[in-house]
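Q: I want to learn to read a fold from its helices, strands and domains. Can we work through a case together?

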Amino acid sequence: MRKESFEFLERYLNNASPVGFEISGQKLWLDYVEPYVDTCFSDTYGTVVGVINPEAEYKVAIEAHADEISWYVSHITSEGMLNVVRNGYTDHQIAPAKRVNIHTKNGVVKGVFAWPSIQIRNKKSDQGLALSDLSIDCGCDSMKEVEKLGIHVGTVITYEDSFMVMNGKYYTGRGMDNRAGGFIIAEVARMLHENKKKPKFGVYIVNSVQEETGLSGAKMIAENIRPNVAIVTDVIHDTQHPNYTKATDGDIKCGKGPVVSFAPAVHRILLQMLIDTAKKNKIPYQLKAASQETYTDTEAFAYSNLGVASALISLPLKYMHTTVEIAHKDDIQNTIKLFYEFLLQLKSGTDFKYLK
Ligand SMILES: [Zn+2]
């Protein structure tokens with residue numbers, strides 16, 4: 001990977017972008033993408049879009065989501081401890097003894113998830129943890145002290161864990177879901193620009209907010225752009241851990257290439273085009289059958305504007321919704337390549353109607 005690209009990925013992943021509070025990440029992303037597109041815009045809730053050929057009638061959106069799962073302060077005790085609720089589907093089982101960043105108006109306040117010592121704790125605690133058992137210690141002895149630090153009900157909290165490379169080939173970090181996707185579509189924009197490949201259609205490079213709480217950013221921006229085609233990228237479970245059932249979850253492995261899914265929202269002609277593009281360019285890929293929904297922004301685009309031909313290219317990921325989400329660097333590169341080659345072969349005006 002190019003040095004500048006790697007540095008952007010690291011910077012982007014280490015920044016906090018909690019659901020509903022994505023703006024600092026969106027600024028980083030826009031700074032990177034802006035030189036490679038003709039124009040940029042954002043919407044009311046912070047979804048940002050880089051556009052190539054803004055005047056073109058035929059529009060193709062490539063999309064990822066910018067938000068990171070996190071916590072909200074739900075209650076402050078008189079002893080100065082913070083209780084929390086989820087902001088997105090955060091895993092409460094990994095919380096004990098983790099360091100956190102509490103995002104106040106005055107900047108980051110440090111804290112840790114409290115956890116009783118193994119020497120004294122009730123054995124019941126080892127059998128699973130309820131969300132209501134969790135509390136955060138931010139070094140305060142009273143509610144007053146907490147409030148003095150700028151913390152209130154509704155203050156958002158992220159984990160501290162940062163980006164790391166393992167064995168030269170695996171990237172791990174917080175919120176690879178789906179900042180890896182934001183990185184991928186940004187790199188597609190860069191490649192089109194640097195290789196002077198300007199498609200005849202409009203290319204809308206979309207980094208949506210609020211996917212983790214109901215695909216909300218994508219729903220809004222799909223109506224705003226009104227694309228003819230949308231290709232979404234998100235993460236998908238690597239199914240090699242014994243907790244998965246390959247019979248139903250499929251056999252997905254990091255390092256074996258991007259995953260293309262079959263699902264009602266995934267347009268079959270578009271999907272075949274992606275598979276043909278992968279084959280022609282010798283890009284490895286894996287197949288997935290999504291029972292019912294993909295549970296990604298694909299549904300948001302597909303079912304907008306009376307129907308938009310949509311597809312999904314997924315990045316295999318281990319340990320989803322933890323702070324050590326892992327992706328293979330080759331899968332990231334191959335996903336970029338698949339997007340790029342797809343855009344080069346797509347003809348402006350392609351009609352995706354099943355019945356003509
Ligand atoms: Zn997610």
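**Reading the fold, piece by piece**

A: Start with a helix lying on a sheet. Helix α5 (residues 216–225) lies across β2, β3 and β12. Against β12, α5 runs at about 155 degrees. Keep in mind that this is a predicted model.

Q: Which strands does helix α2 touch as it packs on the sheet?

A: Ask two things of such a helix: what it touches and how it points. Helix α2 (residues 23–33) touches β1, β2 (48–52) and β12 (202–208). Its direction makes about 10 degrees with that of β2.

Q: In what order do the 8 strands of the open sheet come?

A: Read a sheet by spatial order, then by pairing sense. Here the order is β1-β2-β12-β3-β13-β16-β14-β15. The sheet is open and its pairing is mixed.

Q: Which strands stand at the edges of that sheet?

A: Look for strands with a single partner. They are β1 (39–42) and β15 (286–289). Each has one partner strand, so one side of each is left without a neighbour in the sheet. As for twist, neighbouring strands are turned by 25 degrees against each other on average, direction ignored.

Q: In which sense do β3 and β13 pair, parallel or antiparallel?

A: Follow the bridges between the two strands. Strand β3 (residues 59–65) and strand β13 (residues 229–237) pair in the parallel sense. The pairing spans 4 bridges. For a marker, take I62, which stands opposite I231 in β13.

Q: Now helix pairs. How do I read the packing of α1 and α2?

A: Take the axis distance, then the angle, then the handedness. The axes of helix α1 (residues 3–14) and α2 come within 9 Å. They cross at roughly 165 degrees. An angle over 145 counts as roughly antiparallel, and that makes α1 roughly antiparallel to α2. The crossing is left-handed.

Q: Which residues make the contact of α1 with α2?

A: List each side separately. From α1 come F8, R11 and Y12. From α2 come G25, L28, W29 and Y32. By class, the contact divides into 5 nonpolar, 1 polar and 1 charged.

Q: At what angle do α7 and α9 pack?

A: Apply the same recipe. Helix α7 (residues 268–280) and helix α9 (residues 329–345) pack at about 110 degrees. Their axes are 9 Å apart. The range 65 to 115 counts as roughly perpendicular, and therefore α7 and α9 are roughly perpendicular to each other.

Q: Which residues of α7 meet α9?

A: Again, go side by side. M273, L274, T277 and A278 in α7 meet L338, E341, F342 and Q345 in α9. The contact has 5 nonpolar, 2 polar and 1 charged residues.

Q: Which strands form the closed barrel?

A: Trace the ring of partners. It has 6 strands and runs β4-β5-β8-β7-β6-β9. The pairing is antiparallel.

Q: How many bridges join β6 to β7?

A: Check the pairing, then the connection. Strand β6 (residues 99–104) and strand β7 (residues 107–113) run antiparallel and are joined by 6 bridges. A hairpin links β6 to β7 through 2 residues. To check the register, pair R99 with V112 in β7. Likewise, V100 has G111 in β7 as its bridge partner.

Q: In which sense does β6 pair with β9?

A: Go to the next pair in the ring. β6 and strand β9 (residues 156–159) pair in the antiparallel sense over 4 bridges. In β9, T158 is the bridge partner of N101. I102 stands opposite I157 in β9.

Q: Over how many bridges do β7 and β8 pair?

A: Count them as before. β7 and strand β8 (residues 136–137) pair over 2 bridges, in the antiparallel sense. Here F113 stands opposite I136 in β8.

Q: Last, which domains does the domain assignment give?

A: Note that a domain can be built from separate stretches of chain. The assignment gives domain 1 (3–68 + 174–345) and domain 2 (71–159). Their centres, taken over C-alpha atoms, are separated by 32 Å. The contact takes 13 residues from domain 1 and 11 residues from domain 2. The side of domain 1 that touches domain 2 has 4 nonpolar, 5 polar and 4 charged residues.

Technical notes. Residues numbered from 1 in each chain as written. Predicted model: local features only at pLDDT ≥ 70, side-chain atom pairs only at ≥ 80, totals over all residues. Domains from an automatic or database assignment. Contact = placed C-beta atoms within 7 Å. Nonpolar A, V, L, I, M, F, W, Y, C, P; charged D, E, K, R; others polar. Axes fitted to C-alpha atoms, helices over the stretch in contact; angles between N-to-C directions. Parallel < 35°, antiparallel > 145°, perpendicular 65-115°, else oblique. Pairing = 2+ DSSP bridges. Left-handed = near helix turned anticlockwise from the far one by under 90°.
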